[in-house]
Amino acid sequence: MLKCDVRKFFDSIDQEILLSFIKSKISEPDTLWLIRKIIASFSTKPGKGLPLGNVTSQLFANIYLNELDQFVKHRLKQKYYLRYCDDFVILGLDQIGLSNLLPHLKNFLQDELGLILHLGKISLRQVRQGTDFLGYVVLPHHKVLRTRTKRRIFCRAEQGISENSWQSYLGMLKHCRGFKVLIQMMVRQKLDNNQTVGV
């Protein structure tokens with residue numbers, strides 16, 4: 001299993017490249033004018049970047065990295081590929097074969113999209129070892145919460161968690177083996193804040 005990440009993705013998006021992808025699908029002048037205004041309303045440096053967290057940025061990011069999706073699926077011929085924003089995973093039986101994909105991925109991202117593969121976040125592991133992806137450690141038959149996320153939750157519990165935050169954490173824990181984490185959260189909240197917690 002090969003896991004990769006793009007370095008400073010939202011800050012590095014080339015606005016003209018993004019607009020060229022959009023223009024290949026949309027030709028209506030007023031719509032293009034509005035899209036250009038939205039894209040140009042923010043920059044990290046001239047002609048670069050999208051604002052992190054904007055709803056439009058999520059859509060534009062997917063349009064931008066659709067090019068990577070097509071490259072991995074059709075040119076690299078990888079059957080088991082998963083991407084969420086700028087994090088992506090490729091599954092395969094041959095670790096050497098997966099490792100050999102790295103130069104192709106690096107060159108495509110740099111040459112076609114003006115992006116840099118985050119060398120410090122490349123992970124090549126056996127599936128049985130699990131992979132850290134989107135806040136969880138994903139194992140072959142189940143998911144557990146990432147250790148760093150658990151620590152953050154326990155720290156928040158000791159300070160007192162609002163009702164909205166509780167609902168958010170419950171939603172997160174529903175998608176993994178999170179029962180023990182939930183019990184520890186409740187104990188910490190009660191002991192440290194003398195509060196009654198409802199689930």
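**Exercise 1. Find the residue of β4 that is the bridge partner of Leu-2, and place β1 among its neighbours.**

Solution. In this predicted model, the partner of Leu-2 in β4 is Leu-124, where helices (H or I, at least four residues) and strands (E, at least two) are DSSP runs numbered from the N terminus. Strand β4 covers residues 123–124, and two bridges join it to β1 in the antiparallel sense; two strands count as paired if DSSP finds at least two bridges between them. Next, turn to β3 (residues 87–91), which is joined to β1 by four bridges and also runs antiparallel to it. There the bridge partner of Leu-2 is Ile-90, while Asp-5 stands opposite Asp-87.

Before going on, note the conventions: residues are numbered from 1 along each chain as its sequence is written, and side-chain values use heavy atoms, with hydrogens and water left out. Because the model is predicted, local features need pLDDT of at least 70 and side-chain atom pairs count only at pLDDT 80 or more, whereas totals for chains, interfaces and linings use all residues.

**Exercise 2. Work out the strand order of the four-stranded open sheet, and say which strands stand at its edges.**

Solution. The order is β2-β3-β1-β4, and the pairing is antiparallel. The edges are taken by β2 (80–84) and β4, each of which has a single partner strand, so one side of each is left without a neighbour in the sheet. In general, strands of a sheet pair through backbone hydrogen bonds, either parallel or antiparallel.

The pairing of β2 with β3 runs over five bridges, and one of the partnerships sets Tyr-80 against Leu-91 in β3. These two strands form a hairpin with two residues between them. Cys-85 lies in the loop that links β2 and β3, and its phi is near 55 degrees, which is a positive value in a residue other than glycine.

**Exercise 3. Decide for β1, β3, Cys-85 and Lys-8 what is buried and what is exposed.**

Solution. Buried means under 20% relative accessible area, exposed means over 50%, and partly exposed lies in between (1.4 Å probe, protein chains only). Begin with β1, both faces of which are covered: Leu-2 and Cys-4 on one side, and Lys-3 and Asp-5 on the other, are all buried. In a regular strand the side chains alternate between the two faces of the sheet. As for β3, four of its five residues are buried, so this strand is largely enclosed by the rest of the structure.

Cys-85, with a relative accessible area of 16%, is buried. Lys-8, in the loop between β1 and α1 (9–12), counts as exposed at 52% relative accessibility. Lys-8 also has a positive phi, of about 45 degrees, although it is not a glycine. Over the whole protein, buried residues make up 38% of the 199 residues.

**Exercise 4. Describe the sheet that contains β6, and locate Lys-143.**

Solution. Three strands form an open sheet in the order β5-β6-β7, with antiparallel pairing. Here β5 (131–133) and β7 (143–145) stand at the edges with a single partner strand each, so one side of each has no neighbour in the sheet. Strand β6 (residues 136–138) is joined to β7 by three bridges, and Val-138 has Lys-143 as its bridge partner in β7. Lys-143 itself, at 31% relative accessibility, counts as partly exposed. The C-alpha atoms of Lys-143 and Asn-54, which are 89 residues apart along the chain, are separated by 29 Å.

**Exercise 5. Find which residues lie closest to the centre of the largest pocket, and what classes its lining has.**

Solution. A pocket is found on a 1 Å grid over the protein atoms alone, as an open set of points where a 1.4 Å probe fits, with protein on both sides within 12 Å along at least five of seven lines; lining residues have an atom within 4 Å of a point. About 370 Å³ of space lies in the largest pocket, the volume being the space filled by probe spheres set on the points. Of its 14 lining residues, the closest to the centre are Lys-3, Asp-5, Asp-87, Leu-134 and Arg-146. The elements that give two or more residues to this lining are β1 (2–5) and β5. By class, the lining has four nonpolar, two polar and eight charged residues, where Ala, Val, Leu, Ile, Met, Phe, Trp, Tyr, Cys and Pro count as nonpolar, Asp, Glu, Lys and Arg as charged, and the others, Gly among them, as polar.
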